[in-house]
Amino acid sequence: MTYWEAYEFGKKFLIKSGIEDYETESHLLVEYATGSFFMIDFEKVMTKEQEEKFFEALSLREKRIPVQHIVGSAWFYGFQFIAREGVLIPRLDTEFVVEQALETSPDRNIRFLDLCTGSGCIGIAFWLLRKEKCHNDRGILSDISPEALSLAKDNVKALSEMTEKIGDYAKELGENVEVVSSDLFEAFEGEKFDLIMSNPPYIAVSEMEDLMPEVRDHDPRMALTDEGDGLSFYRRIASECKNYLKPDGYLILEIGYDQGESVPEILKEAGFGKVRVTKDLAGLDRVVTAHR
């Protein structure tokens, strides 16, 4: 079976399995099984071992194991992050947090905090994308989950070694971005930041059963829901944040599609100004930006 034939077979298999993005995922699984660039080597014939690996991957995907867990990585803002069970998978919607952070951050070196960092994708991507403009940004990635902290450290290390793909400056990532265990602001008494970003648990507990099985059964529950109305983390961040955010600093938060009114109201009541909501590619409310 050639790589192309495997790709075509994979598409049909994934369609029958109810996978929406069957073309992209079949492509990813062929490359995962072969270790080759599919579009360059599509006429190559798979070895027996590669075929077995490919069919095993399709079987796992049929069971709704996330494709990122199967291949061991996830792309986020053009960077390849390690992905593994027990930590929230980086997703396209969260890129809008980074986009807003890039738009609001000043053209000078800053100090930033990425709360509830998970894989570290927000803070790491932000630092890498800012590097050519501001050479000495300093950042902290924080989380309460040991699994998340371990993966964030691994991603800092892995991306700092990708100098050929990213640039020589990537090697400075580990020197400028620190991973810290903290329950929100607990570990940062007396510290101040120019920018605070977060994708906190925001799904109401009543909505958990309605999630796709890839999310509900494989992303960590503590990264998805606050076991309440989905707003408790926003209330905590809004009430505590001003002790850690410098004057003229920005707070940038990912929100659920139905929180475009409730979260801005929480921030306004806490005294934040210039509160605005940004929509994602589907036209749904996705990010709230607030100014101190």
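1. Phenylalanine 81 has a relative accessible area of 0% and is therefore buried in this model, which is a predicted one. Its partner in an aromatic pair is phenylalanine 76, and the two rings meet edge-to-face, with 6.1 Å from centre to centre and 85° between the planes. Phenylalanine 76 likewise counts as buried, because its relative accessibility is 0%.

2. A second edge-to-face pair is formed by phenylalanine 112 and phenylalanine 126, whose ring centres are 5.0 Å apart and whose planes stand at 80° to each other. This pair links distant parts of the chain, since phenylalanine 112 belongs to strand 3 (residues 111-115) while phenylalanine 126 belongs to helix 6 (residues 121-130), 14 residues apart. Phenylalanine 112 is buried, with a relative accessible area of 0%, and phenylalanine 126 counts as buried at 0% relative accessibility.

3. How much of helix 6 is buried? Of its 10 residues, 9 are buried, so the helix is largely enclosed by the rest of the structure. Among these buried residues are Cys121, Gly123, Trp127 and Arg130, together with Phe126, the residue that pairs with phenylalanine 112.

4. Looking at the aromatic rings of the model as a whole, the count comes to 10 aromatic pairs. Phe9, Phe13, Phe54 and Phe55 form one aromatic cluster, which a reader new to the structure may wish to locate alongside the two pairs described above.

5. Two lysines are placed over aromatic rings. Lysine 53 lies over the face of tyrosine 32, at 4.4 Å from the ring centre, and lysine 242 lies over the face of phenylalanine 272, at 5.3 Å from the ring centre.

6. Glutamate 95, which lies in helix 5 (residues 95-104), deserves a separate comment. This residue is buried yet has no salt bridge, and the nearest side chain of opposite charge, that of arginine 91, is 11 Å away. What does the side chain of glutamate 95 reach? It extends to the backbone nitrogen of tyrosine 77, at a distance of 2.7 Å. When neighbours within four places in sequence are left aside, glutamate 95 is in contact with Phe76 and Tyr77; Phe76 is also the ring that forms an edge-to-face pair with phenylalanine 81, which brings the note back to the pair discussed in the opening point.

Technical notes:
Residues numbered from 1 in each chain as written. Predicted model: local features only at pLDDT ≥ 70, side-chain atom pairs only at ≥ 80, totals over all residues. Heavy atoms only, no water. Phe/Tyr/Trp six-rings, centres within 6.5 Å; stacked < 30°, edge-to-face > 60°. Buried < 20%, exposed > 50% of the residue type's maximum accessible area, 1.4 Å probe, protein only. Helix = DSSP H or I, 4+ residues; strand = E, 2+ residues; numbered from the N terminus. Lys NZ or Arg CZ within 6 Å of the ring centre and 35° of its normal. Lys, Arg positive; Asp, Glu negative; His and termini not counted. Salt bridge = Lys/Arg side-chain N within 4 Å of Asp/Glu carboxyl O. Polar contact = N/O pair within 3.5 Å; in protein donor to acceptor, adjacent residues only side chain to side chain. Contact = heavy atoms within 4.5 Å.
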